[in-house]
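Hi,

Here is the structure I promised to pass on. Please open it alongside this note. My findings on its internal cavities follow below.

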Amino acid sequence: MGKVKYVLLDCDNTLCLSERLAFEACTDLTNELLEMYGVKERYTVEGLLETFVGQNFRGMMVGLQKKHGFEMPPEQLEEYVNKELGAVTAKLSAKCQPCPGAPEEMERLHQAGYPMAVVSTSAKPRVVASLEKVKIDHYFPNAHVYSAATSLNPPSSKPDPKIYLYACEQLGVKPEECITVEDSKSGATAAMRANIPCIGYVGVYKLEDGEEKMKQMAQVLKEQCNCVEIMYEWTEFPKILEKIENGN
């Protein structure tokens, strides 16, 4: 494909170890709503992660309503979206850590002159909070942090490709001239639907869930989402990038 014109990057569990922290913050709100609507089922953090990883809170709420057969008034949905954003942002600002090797690779890409942007399904304030806490926000100007939850009107959520297409439009590049890195099926599916070559990053699964889960996700991202390469560690990124640029 020649030299990549833009490196687009997911944030949660790709650059920053933020996914579990975020789900910890929203589990109580989720169960509060289920109780309010007379739904007996309750979720653990692990249960929410398993079902909704890669989606934002709004997308989760839409999915929960469909699954459990209740309907929230629009104003209540907005109320809980705002509650969740405040709780998650506070937790990420206090506790978020980088994915191993990601800050070093961002510095290498910066030094090599590659323009970069974050394209996330999560609300922009929580993305910025994560980037700031792990001290990589200086690689991503505010205008180059795109959020399916807050940059689009109406809001969206991966696997909808709208946020990727919007980011490419704003950056003035064609999707096929970029690459992206995604850790989840929903994120990689959004990239596939946007026609952006995607590298599937699965190292975080070994870190949080064990080697078997990592292998499972590698297979899903490769076979179901057409990821061009699977990356187990950020140290592998330079060789993968070179391979993609050389058309191999």
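**Cavities in the model**

In the lining of the largest cavity, six residues are charged, five are polar and none is nonpolar. Keep in mind that this is a predicted model.

How many cavities of 30 Å³ or more are there? The count is two.

The largest has a volume of about 60 Å³. Its acidic lining residues include Asp10, Asp12, Glu19, Glu182 and Asp183. Lys158 lines this cavity too. So do Gly54, Thr121, Ser184, Ser186 and Gly187.

The second largest cavity has a volume of about 40 Å³. Its lining by class is five nonpolar, three charged and two polar residues. Among the lining residues are Ala22, Phe23, Cys26, Phe57 and Met60. Glu19, Glu84 and Arg126 are there as well, along with Gln55 and Asn56. Glu19 is also listed in the lining of the largest cavity.

Which element gives the largest share of this second lining? It is α1, with four residues. Two elements give two or more residues each: α1 (19–36) and α3 (57–68).

**A closer look at Asn56**

Asn56 lines the second largest cavity. It sits in the loop between α2 (45–52) and α3. Is Asn56 buried or exposed? Its relative accessibility is 4%, so Asn56 counts as buried. Setting aside neighbours within four places in sequence, Asn56 is in contact with Thr121, Ser122, Ala148, Ala149, Ser156 and Ser157. Of these contacts, Thr121 also lines the largest cavity.

Best wishes

Terms used:
Residues are numbered from 1 along each chain as its sequence is written. This is a predicted model: local features need pLDDT of at least 70, side-chain atom pairs count only at pLDDT 80 or more; totals for chains, interfaces and linings use all residues. Side-chain values use heavy atoms; hydrogens and water are left out. On a 1 Å grid over the protein atoms alone, a cavity is a set of points where a 1.4 Å probe fits but cannot get out, and a pocket is an open set with protein on both sides within 12 Å along at least five of seven lines; lining residues have an atom within 4 Å of a point. Grid points are joined across faces, edges and corners, and a volume is the space filled by probe spheres set on the points. Ala, Val, Leu, Ile, Met, Phe, Trp, Tyr, Cys and Pro count as nonpolar, Asp, Glu, Lys and Arg as charged, and the others, Gly among them, as polar. Buried means under 20% relative accessible area, exposed over 50%, partly exposed in between (1.4 Å probe, protein chains only). Contact means heavy atoms within 4.5 Å.
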